[in-house]
Amino acid sequence: MGILDGKVAIVTGASSGIGRAAALLFVREGAKVVVTARRVAELDALAAEIGRRGGEAVALAGDIADESIARALAETAIARFGGLDIALNNAGQLGETAAAHDISLPGWRETVEVNLTSAFACAKYQLPAMLARGGGSIVFTSTIVGSEVGLPGMAAYAASKAGLVGLARVIAAEYGAQGIRANAMLVGGTDTPMGRNAAPTPDAYAFVESLHALKRIAAPEEIAQAALFLASEASSFVTGAAMPVDGGVPICRT
Ligand SMILES: NC(=O)c1ccc[n+]([C@@H]2O[C@H](COP(=O)([O-])OP(=O)(O)OC[C@H]3O[C@@H](n4cnc5c(N)ncnc54)[C@H](OP(=O)(O)O)[C@@H]3O)[C@@H](O)[C@H]2O)c1
């Protein structure tokens, strides 16, 4: 018995890091999953791993900035598993990092496209599927950057990710009466390929660790647990929240 028994979930950005950990956890808790990312080999390996563990997954590879992928994800959940209850819109990239006046407009646009517009497109197709089901839970992977702290060099990333909080709040208000909840996670430093990329040297890594009250960064599985909480009925009265999963970054002054 798992807390997601009988549920169907979409997880974007599932080829590594937080999305991969969340997909595995959701399946362990009883969900069937539709997983997506660009890297076909990693995605297929995840689906195979889920199969070996006795779960069910469909892998759909593609660029999340492509609207047809957003639509196909919801259609696949319905066609293969009969409906959709949960979405973890998690795919994201750091994008172009530089002082604000040095970020190119194409770089800015690409970051907003991948991190924010794609999440909107996913939700746009997830919502009708959830309405047909009588409810659901949408979770967006946002970050401390932009909502809690301003980290130099990350203007495009911060703006795109803070936008997810606004998106979650409006969806929560619009669809709450119909049983759909929407929340964002404000994620702190996490040990994933992106996390390593954002802090590539030992000094940079130690600096990022020092920002957290816990004086370490998270394992992706710890963030997956927060996503499970928001995805499941355990959070049945939580909606429109920007939930810190941040190891205490905003309260830390040491
Ligand atoms: N790591 C951190 O410190 C941290 C902190 C706060 C928030 N976050 C957020 O957590 C989320 C997951 O990141 P992660 O830390 O788990 O890093 P990750 O392992 O690099 O995962 C990023 C995921 O997003 C997918 N992705 C990126 N661009 C894509 C695109 N254009 N189309 C489709 N998929 C795309 C990647 O898959 P492919 O490369 O295979 O396409 C990958 O599965 C991101 O939204 C990130 O902003 C991370």
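Axes here are lines fitted to C-alpha atoms, for helices over the stretch in contact, and the angles between N-to-C directions run from 0 to 180 degrees. The structure described is a predicted model, and the account begins with a pair of helices before turning to the sheet.

Two packed helices are described by the angle between their axes and the distance between the axes. For helix α3, residues 67–81, and helix α4, residues 105–133, the axes come within 8 Å and cross at roughly 25 degrees. Angles under 35 degrees count as roughly parallel, and α3 and α4 are therefore roughly parallel to each other. The crossing in which α3 passes α4 is right-handed. On the α3 side the contact is made by Glu67, Ala70, Arg71, Leu73, Ala74 and Ile78, while α4 contributes Ala121, Cys122, Lys124, Tyr125, Gln126 and Ala129. By character, the residues of this contact between α3 and α4 divide into 8 nonpolar, 1 polar and 3 charged.

The sheet is open and is formed by 7 strands in the order β3-β2-β1-β4-β5-β6-β7, with parallel pairing. Strands β3 (57–61) and β7 (242–245) stand at the edges with a single partner strand each, so one side of each is left without a neighbour in the sheet. From one strand to the next, the twist averages 20 degrees. Helix α2, residues 40–52, packs on the sheet, where α2 touches β2 (32–37) and β3, and the direction of α2 makes about 175 degrees with that of β3.

Three of the strand pairings are set out below.

| Strand pair | Sense | Bridges |
|---|---|---|
| β1 (residues 8–12) and β4 | parallel | 3 bridges |
| β4 and β5 (residues 136–143) | parallel | 4 bridges |
| β5 and β6 (residues 180–187) | parallel | 8 bridges |

Individual residues can be placed within these pairings. Alanine 9 stands opposite isoleucine 86 in β4, and isoleucine 86 in turn stands opposite serine 137 in β5. Further along the strand order, valine 139 stands opposite asparagine 183 in β6.

Strand β4, residues 86–89, is covered on both faces, with Ile86 and Leu88 on one side and Ala87 and Asn89 on the other, all of them buried. Ile86 thus belongs to a buried strand face, and isoleucine 86 is also the residue that stands opposite alanine 9 and opposite serine 137.

How values were computed:
Residues are numbered from 1 along each chain as its sequence is written. This is a predicted model: local features need pLDDT of at least 70, side-chain atom pairs count only at pLDDT 80 or more; totals for chains, interfaces and linings use all residues. Side-chain values use heavy atoms; hydrogens and water are left out. Helices (H or I, at least four residues) and strands (E, at least two) are DSSP runs, numbered from the N terminus. Angles under 35 degrees count as roughly parallel, over 145 as roughly antiparallel, 65 to 115 as roughly perpendicular and the rest as oblique. A crossing is left-handed if the near helix is turned anticlockwise from the far one by less than a right angle, and right-handed if clockwise. Contact means heavy atoms within 4.5 Å. Ala, Val, Leu, Ile, Met, Phe, Trp, Tyr, Cys and Pro count as nonpolar, Asp, Glu, Lys and Arg as charged, and the others, Gly among them, as polar. Buried means under 20% relative accessible area, exposed over 50%, partly exposed in between (1.4 Å probe, protein chains only). Two strands pair if DSSP finds at least two bridges between them.
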